[in-house]
Each structure stands twice: as structure tokens, then as C-alpha cells.
Amino acid sequence: MAALRMNGGEEKEEKAMEFTGKQIQEARERIAPFVDETPLLRLKALDAYLGCQVYVKAECMQKTGAFKFRGAMNRILTLTDEELSRGIVAASSGNHGRAIAYGARMKGARAVIVMPRTAPEAKKKAIMELGAEVVLCEAPERFEVAEQICMERGSTMIPPYDDYDVMAGQGTLGLELMEQCPELSAVIVPASGGGLIGGVSAAVKSVSDHTKVYGAEPSALPRYTESLKAGEPVLVPMKKSLADALVSQRPGLKNFPVVKAYVDGFAAVDDPFMLKGMKLLLMEGKVLAEPSACIGIGAVLEGRIPVGKEDKVCFVISGGNLGFEQLEILKDAAQFV
Ligand SMILES: *Cc1c(COP(=O)(O)O)cnc(C)c1O
């Protein structure tokens with residue numbers, strides 16, 4: 001497995017400490033006029049299945065259908081009028097692109113979204129309907145293609161996770177859920193590059209010393225599990241998983257030190273358990289989420305995160321963007337619920 005070296009351990013630790021609750025608080029004020037406060041639902045019907053008191057942060061009900069709008073908007077709002085006039089570029093498997101397209105339109109800026117050819121049709125369509133230009137390419141090439149477009153047009157690239165303003169925006173979700181239920185014992189967060197879990201863990205730990213934060217990632221792409229073991233960001237081989245929003249092969253370099261400092265543990269989850277979680281959330285919880293967003297529930301169903309009957313556990317339901325035809329995949333989960 002190839003290890004990507006960073007600039008030395010000390011700098012890493014410093015960077016984690018540089019990213020604090022203050023930046024997240026500032027982000028919260030900046031994006032407040034644009035972002036919705038999503039509900040924290042107490043889903044008692046799931047308690048018996050998951051062995052704890054179940055709360056879900058329904059970020060599937062956020063504008064654009066996913067939490068990504070928080071980080072995207074926070075970064076967009078730091079751009080000058082001159083920068084906005086030269087446009088915004090994003091490379092994304094879907095939800096980040098949709099968030100950038102939506103935020104750019106709010107600010108009257110042009111957006112170009114570079115997407116893997118394999119991204120779900122529903123996500124491509126939603127982005128085009130927001131008036132953004134969509135450029136399709138092979139998944140591993142997407143950052144290169146986006147950079148090329150930025151160079152040609154002088155546009156600003158907004159990364160999906162490896163950026164302090166983006167991570168601070170995602171962290172606002174953590175401040176929100178701790179206000180909604182200060183007694184939470186644990187928060188379980190789906191993770192890919194780590195913008196969401198980096199921001200949320202820093203936010204939660206800035207206001208609570210009794211709340212654990214756990215990450216959940218696909219066992220096919222265990223980039224955080226492997227990197228935390230190695231002590232530095234590690235590149236894992238590309239493998240298929242049903243979690244189409246959790247496709248990064250390595251932790252973000254700005255996200256990893258934050259995750260290392262604040263996250264209490266990580267679970268690698270198999271696809272069938274994620275699907276089982278999705279079906280449980282839909283049929284018993286009456287909440288429709290995309291597969292990636294259900295990975296935290298899958299982690300508990302698979303026994304990968306310890307929870308107790310009296311624990312108040314919050315599952316971050318990170319997004320709800322899926323096409324109707326994707327519900328077909330739940331047939332595979334028929335044996336479970
Ligand atoms: C992007 C995304 C994630 C992972 O976020 P990272 O910041 O890359 O870790 C999780 N769930 C959904 C629905 C997403 O769109």
C-alpha cells in the first residue's frame with residue numbers, strides 16, 4: 001500500500017490544533033442566511049434494532065439534499081466579487097457538485113462540475129438543472145480535469161473536503177446537533193475524504209467532553225482505518241461499493257490530522273449492512289436516505305461500534321439523493337429487515 005508522506009509529524013499536530021471551534025462558529029454565522037437547520041429526529045422505532053436510543057440528524061433534508069451545501073456555501077461566501085465573476089469549478093461524485101451549483105447560482109456565479117462518468121444519473125441531472133456546466137471523465141482523472149479548466153478560465157476550484165473553509169462549514173452540523181440534544185453519548189458520521197467528520201468531530205469536542213465521535217466507511221475503501229493504523233494518510237486501492245458518495249481513496253491532507261486528534265474510532269462496514277441500514281431507516285424510521293448516508297446504522301448493525309441501551313446515539317444521515325430506480329437495490333436487503 002502506498003503511503004503519502006506529509007511535511008513531518010509536528011506540523012501535522014499543529015494543523016489539527018489550528019482548526020478550532022472558532023472557525024466553525026464563524027462559518028455558522030456566515031452561512032446562516034443560506035443554510036437550513038435540519039431536524040434531529042428521535043426515532044424510537046429503531047431502538048430495538050440498534051440497541052441504543054436512536055437519534056438521526058436528517059441532513060437529507062438540507063438544501064440540495066445533502067450536508068455538502070454547508071461547506072460549499074461557506075467557501076463560496078469567502079470569494080471576492082472578482083473571483084466570483086471568473087466562475088467556480090468542482091470535481092465531485094455528485095453531492096458536492098450539486099451544492100456548488102446551487103451556491104454559485106445564489107451568488108450569480110458560473111459553475112463547472114467535473115463528474116465521473118459512473119455517477120448516478122439522478123445526480124448528474126440535478127446539477128444540470130441548476131444551470132451548471134457538467135464535464136464527464138473517468139473517476140481518477142476528475143481533479144486533474146478540474147484543475148485544467150481552472151487554469152484555462154482563471155476560475156476558483158472548491159475541493160469537496162480538503163479545505164479548511166469547507167471543513168468548517170460541514171462542522172456547523174456538529175454545533176447544531178449538540179444544541180438540539182446536548183446529552184448525546186455518541187455521534188456516528190459517514191466518512192470519505194473526511195471533511196464532514198473532521199468538521200463535526202472538532203465541533204462536538206469543542207462543546208462537549210462526554211460525547212464520542214465515530215466514523216463509518218465502506219470496508220471496500222478503508223482509507224481512514226488504514227491511515228490511522230499507519231499514522232499518516234494512506235492510499236487504498238479503488239474498489240467498488242454501493243456507497244457512491246464515499247469514493248475517496250485517501251484521507252484529505254487537511255482533514256486527517258483533525259480526524260486523528262478528535263475522532264474516537266472508525267468502523268469499516270460491508271455493503272449488505274449499509275443496505276440493511278437503509279431499509280431499516282426507510283421502513284421503520286420513515287426516512288429516505290441514500291446508501292452512503294446509512295453506513296453509520298450499518299456499522300452498529302454489523303457490531304462494529306459499541307453502543308449501550310441507555311446511550312443516546314446520533315446517526316448523521318448525510319444525504320438523501322437517489323433516483324427512484326436506485327430503490328431496486330433494497331431488494332438485495334430483503335433478507336434482513
Ligand atoms: C460527501 C459525502 C459524504 C462524505 O463526506 P467527506 O467529507 O468526503 O468525508 C458522506 N455522505 C454523503 C451523502 C456525501 O455526499
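A polar contact is a pair of N or O atoms within 3.5 Å; within protein, one must be able to donate a hydrogen and the other to accept it, and residues adjacent in sequence count only if both atoms are side-chain atoms. The model is predicted: local features need pLDDT of at least 70, side-chain atom pairs count only at pLDDT 80 or more, and totals for chains, interfaces and linings use all residues. Residues are numbered from 1 along each chain as its sequence is written, and side-chain values use heavy atoms, with hydrogens and water left out.

**View A. Polar contacts of the ligand with Ser318, Ser192 and Gly193**. A side-chain N or O atom of Ser318 lies 2.7 Å from a ligand nitrogen. Ligand oxygen atoms are 2.7 Å from a polar backbone atom of Ser192 and 3.0 Å from a backbone N or O atom of Gly193. Of the 380 Å² of accessible area that the ligand has on its own, the protein covers 98% (Shrake-Rupley method, 1.4 Å probe).

**View B. Helix H10, residues 195-207**. From first C-alpha to last, H10 reaches 19 Å, close to the 18 Å expected at 1.5 Å a residue (1.5 Å times one less than the number of residues). Helices are DSSP runs of H or I with at least four residues, numbered from the N terminus. H10 is largely enclosed by the rest of the structure, because 10 of its 13 residues are buried (under 20% relative accessible area, 1.4 Å probe, protein chains only). Among them are Gly195, Ile197 and Val204.

**View C. Surroundings of Phe315**. Not counting residues up to four places away in sequence, Phe315 touches residues including Leu50, Val54, Ile188 and Ile297 (heavy atoms within 4.5 Å).

Notes: Helix = DSSP H or I, 4+ residues; strand = E, 2+ residues; numbered from the N terminus. Buried < 20%, exposed > 50% of the residue type's maximum accessible area, 1.4 Å probe, protein only.
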